[in-house]
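Colleague: I have just opened this one and would like a short tour. Could you take me through it?

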Amino acid sequence: MKSVYKVVLAVLAVAGFFFAVQPAVAHHSGAEFMDQVKEITGTIKEFQFKNPHTWIQVVVENPRGEKEEWSVEWGAPNSLARQGYRPSTFPAGAKVVMRIHPMRSGAPAGGFVAAKFPDGKTVGKWE
Amino acid sequence: MIANKTQKCLALGAGLLFVAVLSYGQKPALPEFNKLPDWSGVWQMMGGTVFDRATQTGQGGSTTHGVRIHPPYNAEWEAIYQKNLALRDHDRLPDVITNCGVPVGFPRIMNLPDVYEFVIRPEEFWILTENGPNVMRIYTDGRAVLAPEERWGTYTGDSAGHWEGDTLVFQTVALKGSRDGDSILDRTGAVLSDAAQATTRMRRINDTTIEAQMVIEDAKAFTKPWTVTKQFRRLPTGTRVYDYGCAENNRNPVDAATGRTLTLGPDGKPLEDKEKD
């Protein structure tokens with residue numbers, strides 16, 4: 001029984017590796033994003049769980065005290081779904097802290113890295 | 001006695017004639033379905049989308065500066081590749097699939113992210129890719145590829161093959177290559193000409209791996225044949241393949257004027273146009 005358990009663990013580990021190496025941005029190059037990580041805090045407006053890539057719309061208060069909508073691009077919905085994510089992963093109205101690779105242009109957008117909800121639950125590679 | 005021999009000869013001749021009439025015009029027998037290999041399940045290409053990792057130089061992925069592959073290009077086509085590499089380095093070489101339009105074609109269909117299904121039937125073999133989605137058909141019913149005078153270049157071309165034991169061997173011709181500027185092999189900008197053709201050998205090398213070895217010839221672009229091997233890993237049983245409507249919410253169209261890939265905001269306007277804080 002123990003050996004069966006080990007085999008199952010090994011299979012899951014291999015499967016996890018291959019899901020993990022799935023490129024986050026398969027549909028275009030991703031050259032528009034910087035390597036550095038920026039943190040934004042706001043409220044989820046919408047999670048566009050659609051092809052070819054998912055987008056998380058987050059309303060953030062900018063340094064001038066104005067509300068600004070950020071667009072955060074994540075992976076393809078299909079590969080995310082195979083990793084267990086769903087449209088409900090980012091419910092509208094939820095408060096969130098999000099780490100992103102910001103756009104080189106300075107536009108309010110970026111590539112998704114990780115997110116943390118007020119209850120401590122995280123999505124992506126937070127640490 | 002002589003009459004008896006004559007009768008036997010006539011009977012034999014009639015029998016042979018009967019068999020010949022029956023088999024005239026018939027195709028070779030198809031392989032039995034239950035004797036064909038089992039490639040069911042969902043598969044994923046191993047490694048990144050650099051088309052030929054065996055000849056890759058430079059560290060990183062296909063969009064990383066300094067990364068390239070080494071097809072056996074002649075001087076003219078090496079110069080074309082160098083131009084594409086320079087465009088890539090300036091983020092001005094759009095991936096032709098980014099606009100959610102044309103198929104990726106062959107051989108790039110062997111170089112896609114997301115997942116694959118390989119469907120074996122006695123008369124035909126299908127490659128189904130979630131990304132795109134893309135379909136490639138390989139006839140295995142005994143027909144040959146289209147004769148040269150019947151060909152015109154298309155993205156996936158025309159393919160026919162046969163089974164050698166558990167190995168599928170097929171030839172692909174009638175490819176359009178980069179003739180119309182809408183087909184690449186990977187995001188380094190490697191391309192083929194419309195003279196390209198290939199012989200592919202696919203087999204399951206173990207329980208979890210299918211290997212496709214392509215020998216690509218290109219009379220216009222190459223100095224010698226180019227062998228590229230891709231491998232596909234079987235994903236856990238029960239893995240699903242999902243709908244891929246590429247144009248459903250494509251917020252990264254290509255700017256036709258500059259070749260730059262844009263990022264659209266939720267209002268459909270390019271985010272790049274917004275002022276920095």
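**The core and the fold**

Modeller: In this predicted model, the largest nonpolar core (buried Ala, Val, Leu, Ile, Met, Phe, Trp, Tyr and Cys residues joined through side-chain atoms within 4.5 Å, where buried means under 20% relative accessible area with a 1.4 Å probe, protein chains only) has 47 residues, and B:Met110, B:Phe118 and B:Met202 have the most contacts inside it.

Colleague: Which strand of chain B gives the most to this core?

Modeller: That is strand β8, residues 209-218, which contributes 4 residues; strands here are DSSP runs of E with at least two residues, and helices are runs of H or I with at least four, numbered from the N terminus.

Colleague: And what does B:Phe118 touch?

Modeller: Leaving out residues up to four places away in sequence, B:Phe118 touches B:Trp39, B:Trp43, B:Phe125, B:Trp126, B:Ile127, B:Met202, B:Ile210 and B:Phe232, a contact being heavy atoms within 4.5 Å.

Colleague: How many helices and strands does chain B have?

Modeller: Chain B has 2 helices and 9 strands, in the order α-β-α-β-β-β-β-β-β-β-β from the N terminus on, and 44% of its 277 residues count as buried.

Colleague: Changing topic, what is the mean pLDDT of chain B?

Modeller: The mean is 90, with 88% of the residues of chain B at 70 or more, on the predictor's confidence scale from 0 to 100 for each residue. For the complex, the predictor gives an ipTM of 0.79 and a pTM of 0.82.

Colleague: How are residues numbered?

Modeller: Residues are numbered from 1 along each chain as its sequence is written, and chains are lettered from A in the order in which they are written. Local features need pLDDT of at least 70 and side-chain atom pairs count only at 80 or more, while totals for chains, interfaces and linings use all residues, and side-chain values use heavy atoms, leaving out hydrogens and water.

How values were computed:
Buried < 20%, exposed > 50% of the residue type's maximum accessible area, 1.4 Å probe, protein only.
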